Amino acid sequence: MAQAQTTINLVTDAASYAPRVAPGALASIFGSNLADNTQSATAFPLPTSMAGATVYVNSAAVPLLYVSETQINFQVPSSIAAGTANLYVTRDGGASALFSFTVVTSAPGMFQDTSNHAVAQNLVNYSTNSTSNPVASGGILVVYFSGQGAVNNPVADGKATPVSPVAATTATATATIGGVSATVYFAGLTPGFAGLAQANILVPSLASGEYPLVLNIGGYVSSSALVAVSGSGSTPPTYLTLVGQVGYIGGATNSVQVYGNITYVCGPNNIDIIDTSDVAAPVYDGEFGDAQLTVDGVGYGGNCVLNTATSEPILVDLVGPGSAPSFAVYSLSDPTDPVLLTQQSTGTGTETYLTNLSFVGTTGFASTSWYTTSGNSITAQYGNYLAYDFSNLFPEIISVLSTGAGSGGLNLMPNALALPSGANYPDTAYITSTTATGTSTSGDAALDVINISNPSSMTGIEQVTVTNAAIFTGFGYDLDLLLVTGNTAGYSNPAAPYFSSNGDLTLSTMNISNVDAPVGIANLTTQIPTTGTYVVQPLGGYIFAIINNPPASDPTGPYSLWIVDASNSSAPVLYPFATQFGMSDVGAAVVSASVGYLLVPNTNGLAIYSFQP
């Protein structure tokens, strides 16, 4: 009888299941028919073959810790270079196909339980840190992780780390707990284990509660894990409570749309369908869109929008590349089985590099944002605001904003939103922008106010600027309050080494009782590094969820979810919630006056949190 083919589906770190690993780290392979049976290593040095399975990384057999039919845990070679590496698995003479994965110099990933609590000990007695056994403020917490990268006293792969000499990371290690800087006294390999690392962290002064811990080694950021702290002062409010989650292989970037009991998570390569009729037990229902979103194996999707005002409900995905974008339009007549209606170009010239899409009735509105370069320098910047007719389900360009604020076409426009038509928000759109133009990326953040009552002849009404930010990137509104996110730095010019912004998050609150004339209330400059904050989701009661893109030091790293309490619009307060890979968007569903749900995607699936609107 022929042996079933060994298949690799995914390679991650073995601690937090992030999509990258570091030299010497512990990593996991997920797939099918990987080994004959389940087996764990019992002695050092670790074996390179167990239960018929051997793993080869760049053609060299590597130490194994655990094997089963669906998962293998192994140690990444310490000598491997950063970049793209290849591995394959042999099993009883057969071999899988080559699988490529990402290696970076450091990739800290903390071990954690199913409730996202870190595997950690309170140093005072080496007891396990937990909600019922918190570490005291000012105490030392020992957190276990992998992905430390190079150490000053290297240990041979597969061998246990000795007690002496200690093997500390050569890269600088830092940490935050609840967004507060925490001193790392030691970060390096844990004696008696292979590839396991620990960080000994001084807990800052915090009130009692559970807080997200984030490690940073050599500029590379970890996903967060919760730690319990005891201290004096008021416990931070609880805005979100985990109620359910479902696992699947998610995209590196995602957007979320909720249609009744179905949630669509739009990634670069496909669109996942999640049945959320039972929020405590969501079900993965398959995926679609592969043929439209991928070209030569590269995914260009990840930004989709729902419209239920058309003759039949549709889901529209903005598909790249930016220089030649298209709309992929799917019918949702059967929400569980979307059908492609059309995929067509968004247009040429001013109708390329679309960054967003929002609807008022059957009219779609979008901004474009792009720049030209020569070598590592930006030579010009562009942005336009467009209107499309979706009334017959096959989009047609109506007009390009040509008069008033925002009509110059020579400024970046990273985000835009057409407000729903009605008494409170009559025929108005907002565009995030900057006064910077041409080769200069230094300017003031700008909010353009647009009259869209006649989509064939849109008019810029007003431009609101602030000086503490160089560019606005995102916004959300709740009744008469507009929360606008920005960045203290514009795009890097010259690139350093990327063109993305390398500043800190800014928050601006504005009164929009008169939507055509926003009035500034407060401008807050944080010390939170990010390359952009494009998602601002209102939760009700002037509470917002925002998503920060990774910092410039780690542009392919995890995104972070923060809660902004703007109930006092003159002094909004930030609370860190989670940091995860692929968490580039959130979706909200309000089911009653007292219950709402926030749907948060990541590379490992979808989490659902309850909140009180």
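## A four-stranded sheet

Which residue in S50 stands opposite Val-536? The partner is Ile-546. Keep in mind as you click through that this is a predicted model.

That pair sits where S49 and strand S50 (residues 543–548) run side by side, an antiparallel match held over five bridges. Zoom out and you get an open sheet of four strands, ordered S49-S50-S51-S52, with antiparallel pairing. Its edges are strand S49 (535–540) and strand S52 (573–580), each of which pairs on one side only. From one strand to the next, the twist averages 20°.

## A five-stranded sheet

There's also an open sheet built from five strands, and here the order doesn't follow the numbering: S1-S2-S8-S7-S3, again with antiparallel pairing. Strand S1 (7–13) and strand S3 (39–40) take the edge positions with a single partner strand each, so one side of each has no neighbour in the sheet.

For S3, look at strand S7 (residues 64–67): the two run antiparallel and are joined by two bridges. If you want a spot to check, Gln-39 has Val-67 in S7 as its bridge partner.

## Two nonpolar cores

As a rule of thumb, nonpolar side chains in soluble globular proteins tend to be buried together. In this model the largest nonpolar core has 25 residues, and Val-143, Ile-177, Ile-201 and Leu-213 have the most contacts inside it. Several strands chip in at least two residues each: S16 (140–146), S17 (173–177), S19 (184–189), S20 (197–202), S21 (209–217) and S23 (225–230). The largest share, four residues, comes from S21.

Ile-177 is a handy place to start exploring. Leaving out residues up to four places away in sequence, Ile-177 touches Ala-182, Ile-201, Val-203, Pro-204, Leu-206, Tyr-211, Pro-212, Leu-213 and Val-227. A second core, separate from this one, has 24 residues, among them Ala-53, Leu-64, Ile-72 and Val-103.

## A buried threonine in a loop

Is Thr-441 buried or exposed? Its relative accessibility is 11%, and because the cut-off for buried is under 20%, Thr-441 counts as buried. This residue is found in the loop between strand S42 (428–434) and strand S43 (445–451).

What does the side chain of Thr-441 reach at 2.7 Å? That would be the backbone oxygen of Tyr-491. Tyr-491 also turns up among the residues that Thr-441 touches, along with Ile-378, Gln-381, Ala-436, Gly-490 and Asn-493, again not counting residues up to four places away in sequence.

Definitions and conventions. Residues numbered from 1 in each chain as written. Predicted model: local features only at pLDDT ≥ 70, side-chain atom pairs only at ≥ 80, totals over all residues. Heavy atoms only, no water. Pairing = 2+ DSSP bridges. Axes fitted to C-alpha atoms, helices over the stretch in contact; angles between N-to-C directions. Buried < 20%, exposed > 50% of the residue type's maximum accessible area, 1.4 Å probe, protein only. Polar contact = N/O pair within 3.5 Å; in protein donor to acceptor, adjacent residues only side chain to side chain. Contact = heavy atoms within 4.5 Å. Core = buried A, V, L, I, M, F, W, Y, C linked by side-chain atoms within 4.5 Å.
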